[in-house]
Amino acid sequence: MPDSGPSSAPYPKSLQNMYDCSSADINPIGSISKTDLRTFLRWAATHLGYSSLAEIEAAPPTAELEPIRSNYSQLDEVDMGMTYDELSVYGRMRKIFRCGPVSMFKNLCYKWGTILTPKEVGDKVKHFFKYYSINRHKMTVLTPSYHAESYSPEDNRFDLRQFLYNVKWPYQFRKIDELVDELNGDHVAITKSTCQETDTVDGDGGGMGVVAAGAGNPKAGL
């Protein structure tokens, strides 16, 4: 029996029910980033003629765990407190480049430094790692996935890191707060021209040598 859920990176806030919607023999798209999957759906709708895929891609992601009412619809990004574009960036930094809270904060200060203040970046990083550590253990019972990319959080064979963390991350979060103070945390740290120069030097737009997915407008989750 196949499962049909795409990857949400190393799950900061799990929208799955253990042993319920996660129960299947194999998940063919479980190791694929949602942003990569949506890109493929748009491509297939245009180039393969499957127009219905465009409607699927355009539908707001929802776990559909609550009744739809006239003035309310449950949305994944609202429940998670972050966008899927942001989650794709966090997931690549965490899974592929092995970033912890402090190194992720430093990299994102460069990547998002023209849009967000260091304090806003720090709040987003701490929010991600709090829920990452709360939900990391659920990956150990996740449906086995077809291995499609290095981003995969598939825990059965591919991601063998620990699954229990101190959710308060006391040293790392304190260090982020110290760096925010040093960077004058309530002001945008990098001018647009500086960011462009960094992109040119690094050649990947990730800042400090880290390649990460484009996150659109990270202010969307504030």
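**Close-up views of a predicted, all-helical chain**

**Figure 1. Lys124 and its salt-bridge partner Glu86.** With a relative accessibility of 7%, Lys124 counts as buried. This lysine belongs to helix α6 of a predicted model. Its side chain forms a salt bridge with Glu86, and the closest N and O atoms of the two residues are 2.7 Å apart. The bridge joins distant parts of the chain, since Lys124 sits in helix α6 and Glu86 in helix α4, with their positions 38 residues apart. Glu86 has a relative accessibility of 0% and therefore counts as buried, the limit being under 20%. Lys124 is also buried, and its C-alpha atom is separated by 8.8 Å from that of Phe105, a residue 19 positions away along the chain. In general, side chains of opposite charge can pair when their charged atoms come close.

**Figure 2. The salt bridge between Asp177 and Lys126.** The closest N and O atoms of Asp177 and Lys126 are 2.8 Å apart. Helix α7 carries Asp177 and helix α6 carries Lys126; the two residues are 51 positions apart, and their pairing links distant parts of the chain. Lys126 has a relative accessible area of 19%, so it is classed as buried under the 20% limit. Asp177, at 36%, is partly exposed.

**Figure 3. A salt bridge within helix α7.** The side chains of Lys175 and Glu178 meet in a salt bridge with an N to O distance of 4.0 Å. Because the two residues are three positions apart in helix α7, about one helical turn separates them. Lys175 is partly exposed, with a relative accessible area of 27%. Glu178 is likewise partly exposed, its value being 37%. Helix α7 covers residues 170–182 and has the highest confidence in the chain, with a mean pLDDT of 95.

**Figure 4. A salt-bridge network of three residues.** Asp36, Arg92 and Glu149 are linked in a network of salt bridges. The structure as a whole holds eight salt bridges.

**Figure 5. The largest nonpolar core.** This core contains 26 residues, of which Met104, Phe105, Leu108, Val125, Phe128 and Phe129 touch the most other members. Two or more residues each are contributed by α4 (84–95), α5 (101–111), α6 (118–135) and α7. Met104 touches Tyr90, Met93, Arg94, Cys99, Val125, Phe128 and Phe129 when residues up to four places away in sequence are not counted. In soluble globular proteins, nonpolar side chains tend to be buried together.

**Figure 6. Ser103 in helix α5.** Ser103 lies in helix α5 and counts as partly exposed, at 28% relative accessibility. The C-alpha atoms of Ser103 and Met93 are separated by 9.1 Å, the two residues being 10 positions apart along the chain. Met93 is also one of the residues touched by Met104.

**Figure 7. A nonpolar patch on the surface.** Phe40, Trp43, Leu48 and Tyr50 form this patch, which together has about 450 Å² of accessible area. Tyr50 is placed in the loop between α1 (34–47) and α2 (51–58). The accessible surface of the whole chain comes to about 11700 Å², and carbon and sulfur atoms account for 55% of this area.

**Figure 8. Helix α8 and the stretch of low confidence.** Confidence is lowest in helix α8 (residues 192–202), where the mean pLDDT is 37. Throughout residues 192–222 the pLDDT is below 50, and in the model this stretch has 56 contacts beyond near neighbours in sequence. Where pLDDT is low, the predicted coordinates should not be read in detail. For the chain as a whole, the average pLDDT is 77, and 73% of the residues score at least 70.

**Figure 9. Overview of the chain from which the close-ups are taken.** The chain has eight helices and zero strands, and its elements run α-α-α-α-α-α-α-α from the N terminus on. Of its 222 residues, 44% are buried. Among contacts with a separation of 6 or more, 72% are between residues 24 or more positions apart.

Terms used:
Residues numbered from 1 in each chain as written. Predicted model: local features only at pLDDT ≥ 70, side-chain atom pairs only at ≥ 80, totals over all residues. Heavy atoms only, no water. pLDDT = per-residue confidence, 0-100. Helix = DSSP H or I, 4+ residues; strand = E, 2+ residues; numbered from the N terminus. Contact = heavy atoms within 4.5 Å. Core = buried A, V, L, I, M, F, W, Y, C linked by side-chain atoms within 4.5 Å. Buried < 20%, exposed > 50% of the residue type's maximum accessible area, 1.4 Å probe, protein only. Patch = residues over 30% accessible without salt bridge, like charges linked within 9 Å, V, L, I, M, F, W, Y side chains within 5 Å. Areas by Shrake-Rupley, 256 points an atom, 1.4 Å probe, with all protein chains shown as cover.
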